[in-house]
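Visitor: I would like a close look at a single part of this structure, and then a word on what surrounds it. Please take me through it step by step.

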Amino acid sequence: MKHKVVGANVTRVDVKEKVTGAAKYTDDIQPDSFYWGAQIGSNVVSGVLKGVIKNPDFDWSDFVYVDASDIPGENEVESVVSDMPLLATKEIRYWGQPIALLAHRDKHQLEEGLKNIKIEIEENPIYVSTIDESLSLKKEIIPQNIFKKRKIERGDIESGFENAKYVFEDIYYTPHQEQMYIEPNAIISWWEGEKIVVKGSMQCPYYVQASIKTVFHKEDKDVEIIQAYVGGAFGGKEDYPSILGAHAALLAMKANEPVKMVYERAQDISITTKRHPSKTTIKMGFDENHKLTTLQMEFILDGGSYETMSSVILARGMLHAFGPYEIPNVKIDGIIVATNTPPNGAFRGFGAPQSFFATESHIDYCALKMGISPFKLREINFVQRGGSFPTGQLLENDVMIREVYDELLKRVNYPVLRKEIDDFNSLSNTKRRGFGIATFFHGAGFTGSGEVRLASIAGIRLDKNGKVAVLVANTEMGQGAHTVLSQIVAEALELPFDMIYMEEVNTQKVPNSGPTVASRTTMIVGEVLRRACVKMRDAIKYNSLDDYLEKVSQYLGDKESESFFQQHLQPPKIKWDDVNYRGDAYGTYAWAIYGVEIEVDLRSFEVTLKNIISVMDIGEVVHPILASGQIEGGIVQSMGYALYENIIFKNGRFWNADFTNYIIPSIVDIPKMDVSFLNNPYSYGPFGAKGIGELPMNGGAPAVNNAIKDALGIHLTKLPLSPEQIMEAYERDL
Amino acid sequence: MRLELVINGQRYTIDGVLEDRRLLDVLREDLHLTGTKEGCGEGECGACTIIMNNEIRLACLTTAIQANNSEILTIEGLEKDGKLAPIQEIFMRSGAVQCGFCTPGFLISAYHYLKNGGSKDVDSIRHAVSGNFCRCTGYSKIIDGIQESHDLMSFEKNENSSKNSEKEATFIDLTTEKKQNSINSNKKNIFSVSTKEELCEFLKKYGSEAGILAGATDIIPSIRKGGEKRLYFADVSKIKSQFSEIVEDDKNIYIGAMATFKDIQHNPIIKKHLFELVHAAKTIGGYTIQAMGTIGGNIANGSPAADSVPALLIYDATIELTSLNSKREIKLSSFYLGYKKMDIMRGEFISKIVIEKKQFISTGFEEVGSRKAVFISKVSLAHSLKDEELILAAGSVSAFPKRLLEVEKIFLKQDLTKDTLLEYLSKDVIPLDDIRSTGEYRQKTLLNLLWSLRENLLKK
């Protein structure tokens, strides 16, 4: 079917404000009078809070001070597991853990005030910072330091390994990754009578609303959450605004004025959520034909000091861990452990980049050990149409892994590239080139029955002038969601794009269409919107734009507007068993492959990215420029994860809390990328679209690792693939 | 102080501004020009990039006193008479914008680049916006957008200057304003000096408590982080032009200490004679930092990783130190005495770098960093060879950048082995572990760089 608006590169709906500087991000909002808020955090990694002492000689008259005793409702952060206090009262589990809050109209005075507050903590000098330390039980934060365990099982791994001709095992590690949105976390809050208003940089307004309701014991109507322009999020503003929003609202309650909290970069890096570090033990068994018969994995995530939402990240990590392969015998154990670090949270990919690093690196390692090409090994083992994943999910026409793989090899002209690389390597004394691939996928929407539980509602509102407002709680944070959703509505209503506009993302104006996470906005919310549009078209029968306005006017009569809402409908085929982890984990998957060519300097072992090629199936592409922009941006984040990004500890706290030492890729590090799409429409996505946001994060690190393996013949198991690590491995293997 | 500015063609007079209030806060909080963003507050992310007196600059590293009497262009000034600049139009449709928070900085950097005759070459574009970080787009579409804008941008001469600013000034009085934060709460004292003599007197008066704000790219972050011990600072904006000239005579090249790294990389004399210095200048921070940071500042900062120093050591540079009534010259190779310790006396400042012109057989400068722009080097190595005279200099491997005098002695001997080279290298430097790398990696990398350099030199 040919579409008019879907598939077209319409102008982003938010872009003019962004190129002129008119867009108001949270810190740009400047009420006539307001307080600056700040957090008083723990100055030790572990201990017991004894008290907070305000210098009696200091003039506190213009300050607002809040501690846990001021909380009207529950002192907890609403999450999947609400085990974290909003403000600590006794136990301190990480450096910087919020204890109290302070606000003043003058930023300078606020700093002075902070200096005059002394936190008294009985320090516990023993703490655990890493997964291995946590498992050693050097210190027990919670019983056994284990928050949660999960399991996926299929077939019989014991007989699988017994009958295997080849068995290879190794352990892979990945570090924290910071989202490093350019706009730090920022929130402003004020009270209107009994109503709390929170406006800020956030992904999920209804999460913030749930948090505030819990902390203040308020009803929906008394908590208004508004999204401001968001300067990047990537998961980092999924859960943290629930904390910051409640902090600001507490201060605003006592200040009787708006309170603005804007984190400084160092603070943002030091205490907000990050990608979970992981430790993955992986064992693969192959038969004599190199068929992957058996996979055993222990996938451990570092949840940080509170569990919060780690269990769903573990689930997604495990449900992608088996890679795009058909494997009869599988056992995957997932574990979340506790450490004395800030709670880890959402970051694009949500557990999958960690497990794919292990699986897709290990496949190449096994190929090397068996003396077969990693390409061939994948060809033998790719899951086919009609095949299934270890949860028992039957994959019908959805599977596109072979297609993206074939397309990539064609695009890079592999035999020619191979010869070029081999020729280069035989001539150069100081440099080695290599090419590696990673094959991967990403399930769109919430895991398992998550979407059923969410039961998202979205809608459209027809205005008297014929314009249509899109009513969703999904936020525009740069990814282009508001443009794409407007396109879907325009297409479904067969109206010109400029007759569609976005209603403000405000919990009092839009229904709860769910959080802006999990690659769900286009596919899930877009489809709900499309169905809402069908309702409108059922109500108003117009044939063309010519009679549209007339029919609208007849339909509305004296009314100013009419809204049409729709709730998410789970596609009939999807069945999921939450207890046994069996069934259809995701409605569909987007499929992808990366090919990465790198060059290693044999003197410094620095890696230069020479070429990055990506082929993906994301279903129907709603907006080609935005889609390729999402992929390119995701690739670059995954290159950062592969090569540079790492949180370094000093005395149990994060040390490299700045742009100079937390290394994200610069514009000079990234070559031109070749991004292309195959189109296999998804019948339950709007006009065939699938989710794409997280997909590009999953494959970068293993592709680079495999390219390094190709260049140097070394096997690395730990991110980032730093020159220091490469040098060590190269010298060891010489 | 009274701050007089022309911003986007509009004249502003602001009374009662603290000398060390950041220009970023003046723009955002006092004038409500919130298009200029703050992403890090330390001159690293580029979100606050503006143009000041036709030079690209970071508003978070600029104090009010440094900005006084200048002409400023911010993102709000790109739109003229209700019409967007072509680059804005192109960014709107090319996918160069996602979350938009870095966009004003990128647009300003790109606008400045194109206005100053920047080419369509991709690597030149990358260099020009290397001080700007984006976490959303993957950069490709930003580069495309700048390339596409290249032929469409037209620039009026002096477009932001006096023509519009003749209009009456907007007057703002902050004298009674309470909520005026500045760069630090320990209130450092900042003075503006108008002559060389004033600077010398200032330095004499405050001795070790005095510092010079030239580029200020290191000092301001250091003050904000609470790491700066000095209390008194002299803003040298008014005398900068006297001390930033780059000239030559038959024998020597003279580089004013207040020349920026951008001045250095574009200067024809330096490009002709001191190629490795151009090379080093291009690797210092991102391009915005290169446009602000001065070579004198890099030397005086005394950082082990000061990128320009190894490049100057191989040219056997001499530095000129000026005090109230005298001048003295000292070889850069004997200027550093220890970590952040220098042979500089009370009342003296670095005024000039003098380099004798020579014909070399070979020169080189290599750096190993954590990424390809905006990094602090893990190891750097520079060399020059003239007849039999070899100079090797290394950075980031000892308390200060230094010549490898022991290695120089044996470097070109025929029967040298890598083990012997390491033995001599260990006499020169013992690299340490820090936040960026390990001592072991640094030593091995430096050894490898030296070994491959030696192979190349022996071929010549």
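Guide: In this predicted model, strands S3(B) and S4(B) are paired in the antiparallel sense, with four bridges between them. S3 covers residues 49–52 of chain B, and S4 covers residues 55–58. One of the bridges can be followed by residue: Met52(B) has Glu55(B) in S4(B) as its bridge partner.

The two strands form a hairpin, and two residues lie between them. Asn53(B) is in the turn, and its phi is positive, at about 50°.

S3(B) also pairs with another strand. This is S5 of chain B, residues 70–73, and two bridges join it to S3(B). Here too the strands run antiparallel. In this pairing, Ile51(B) has Leu73(B) of S5(B) as its bridge partner. S3(B) therefore pairs with both S4(B) and S5(B), since two strands count as paired once at least two bridges are found between them.

Now consider the side chains of S3(B). Thr49(B) and Ile51(B) point one way from the strand, while Ile50(B) and Met52(B) point the other way. Which of these are buried? Each of the four is. Buried here means a relative accessible area under 20%. Two of these residues have already appeared: Met52(B) as the bridge partner of Glu55(B), and Ile51(B) as the bridge partner of Leu73(B).

The strand belongs to a chain of 460 residues, of which 63% count as buried. Chain B has 18 helices and 20 strands in its secondary structure. Along the principal axes, its C-alpha atoms fill a box of roughly 75 × 55 × 45 Å. The radius of gyration of chain B is 23 Å, and this agrees with the compact-globule rule because a compact globule of 460 residues would have a value near 23 Å. Of the contacts in chain B between residues at least 6 apart in sequence, 63% join residues at least 24 apart. The chain exposes about 17,600 Å², and 47% of this comes from carbon and sulfur atoms. Its charged side chains number 61 positive and 62 negative, and the centres of the two sets are 2 Å apart.

Chain A can be described in the same terms. It has 19 helices and 27 strands, and 67% of its 734 residues count as buried. Its C-alpha trace spans about 75 × 75 × 50 Å along the principal axes. For 734 residues a compact globule would have a radius of gyration near 27 Å, so the 26 Å of chain A agrees. Among its contacts between residues at least 6 apart in sequence, 81% join residues at least 24 apart. The accessible surface of chain A is about 24,200 Å², with 49% belonging to carbon and sulfur atoms. There are 76 positive and 97 negative side chains in chain A, and the centres of these two sets lie 2 Å apart.

One residue of chain A can be set against the buried side chains of S3(B). Lys221(A) sits in the loop between helix H5 (205–216) and strand S11 (223–227). Is it buried or exposed? Lys221(A) counts as exposed, because its relative accessibility is 57% and the cut-off for exposed is over 50%. Leaving out residues up to four places away in sequence, Lys221(A) touches Lys195(A) and Gln508(A). Glu194(A) is 27 residues from Lys221(A) in sequence, and their C-alpha atoms are 9.8 Å apart in space.

Technical notes: Residues numbered from 1 in each chain as written. Chains lettered and ligands numbered in written order. Predicted model: local features only at pLDDT ≥ 70, side-chain atom pairs only at ≥ 80, totals over all residues. Heavy atoms only, no water. Rg over C-alpha atoms; globule rule 2.2 N^0.38 Å. Buried < 20%, exposed > 50% of the residue type's maximum accessible area, 1.4 Å probe, protein only. Contact = heavy atoms within 4.5 Å. Areas by Shrake-Rupley, 256 points an atom, 1.4 Å probe, with all protein chains shown as cover. Lys, Arg positive; Asp, Glu negative; His and termini not counted. Charge placed at Lys NZ, Arg CZ, Asp CG, Glu CD.
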